[in-house]
Number of protein chains: 2
Amino acid sequence: MKARVHIMLKTGVLDPQGEAVRHALGSLGFDGVEAVRQGKVIELDLADGTKEAAINDMCERLLANTVIESYRVEIL
Amino acid sequence: MKARVHIMLKTGVLDPQGEAVRHALGSLGFDGVEAVRQGKVIELDLADGTKEAAINDMCERLLANTVIESYRVEIL
């Protein structure tokens, strides 16, 4: 089975990487880019029958820094 | 309007970051993690009426390295 984990900085947490992208897009002449947030996607190839609870556990313990990041698990 | 761009390394391109995550999950006792690929998500807040072609152009020129990465645009 496959799962995809989306990890984004929580709202209100400063995102300097996204801000750099926004600025660079402006410099390239793309108008109307109001805000940019950058996050991570992690695609996992898991043994069949892995429970969603185990994936959440992976996120809590390793994949996401839950102090500043939120995550969303999608089973494919 | 909002758009989300998913950027992943192309199949066959070595992903050391994903490999490190796979190894770390194994060390934490998570069995059955067969493969891990890590990518980026970029959420864009754009002026209304921005065309999908403009977003593809942003990907080609800045957001993705199309030699080794593929991207997918999702309009929200």
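Which residue of β2(B) stands opposite Gly39(A)? In this predicted model, the partner of Gly39(A) is Val41(B). That pair belongs to a two-chain story, so to speak: 13 bridges join strand β2 of chain A (residues 33-46) to β2(B), and the two strands run antiparallel. Here's the rundown.

**How the chains are related**
- Turn chain B by 180°, with 0.0 Å of shift along the axis, and chain B superposes on chain A at an RMSD of 0.0 Å.
- That's the relation of a two-fold axis.
- Looking for the spot in chain B that comes closest to the rotation axis? Lys40(B) is the one, with its C-alpha at 2.2 Å.

**What the contact adds up to**
- Chain B puts in 31 residues, and chain A puts in 31 residues.
- Since 100% of the interface residues of chain B are also interface residues in chain A, the copies meet through the same surface.
- About 2,700 Å² gets buried between chain B and chain A, with carbon and sulfur atoms giving 65% of that area.

**Polar side of things**
- The rule turns up zero salt bridges across the interface of chain B and chain A.
- Polar contacts do show up: ten residue pairs between chain B and chain A, both residues at pLDDT 80 or more.

**Who does the touching in chain B**
- The elements giving two or more residues to the side that touches chain A are β1 (2-9), α1 (16-27), β2 (33-46) and α2 (52-63) of chain B.
- β2(B) gives the most to that side, with 14 residues.
- Sorted by class, the side of chain B that touches chain A has 18 nonpolar, four polar and nine charged residues.

Notes:
Residues are numbered from 1 along each chain as its sequence is written. Chains are lettered from A and ligands numbered from 1 in the order in which they are written. This is a predicted model: local features need pLDDT of at least 70, side-chain atom pairs count only at pLDDT 80 or more; totals for chains, interfaces and linings use all residues. Side-chain values use heavy atoms; hydrogens and water are left out. Copies are superposed by least squares on the C-alpha atoms of residues with pLDDT of at least 70 in both. Contact means heavy atoms within 4.5 Å. Buried area is the accessible area (1.4 Å probe) that two parts lose on being put together, summed over both. A salt bridge is a side-chain nitrogen of Lys or Arg within 4 Å of a carboxyl oxygen of Asp or Glu. A polar contact is a pair of N or O atoms within 3.5 Å; within protein, one must be able to donate a hydrogen and the other to accept it, and residues adjacent in sequence count only if both atoms are side-chain atoms. Helices (H or I, at least four residues) and strands (E, at least two) are DSSP runs, numbered from the N terminus. Ala, Val, Leu, Ile, Met, Phe, Trp, Tyr, Cys and Pro count as nonpolar, Asp, Glu, Lys and Arg as charged, and the others, Gly among them, as polar. Two strands pair if DSSP finds at least two bridges between them.
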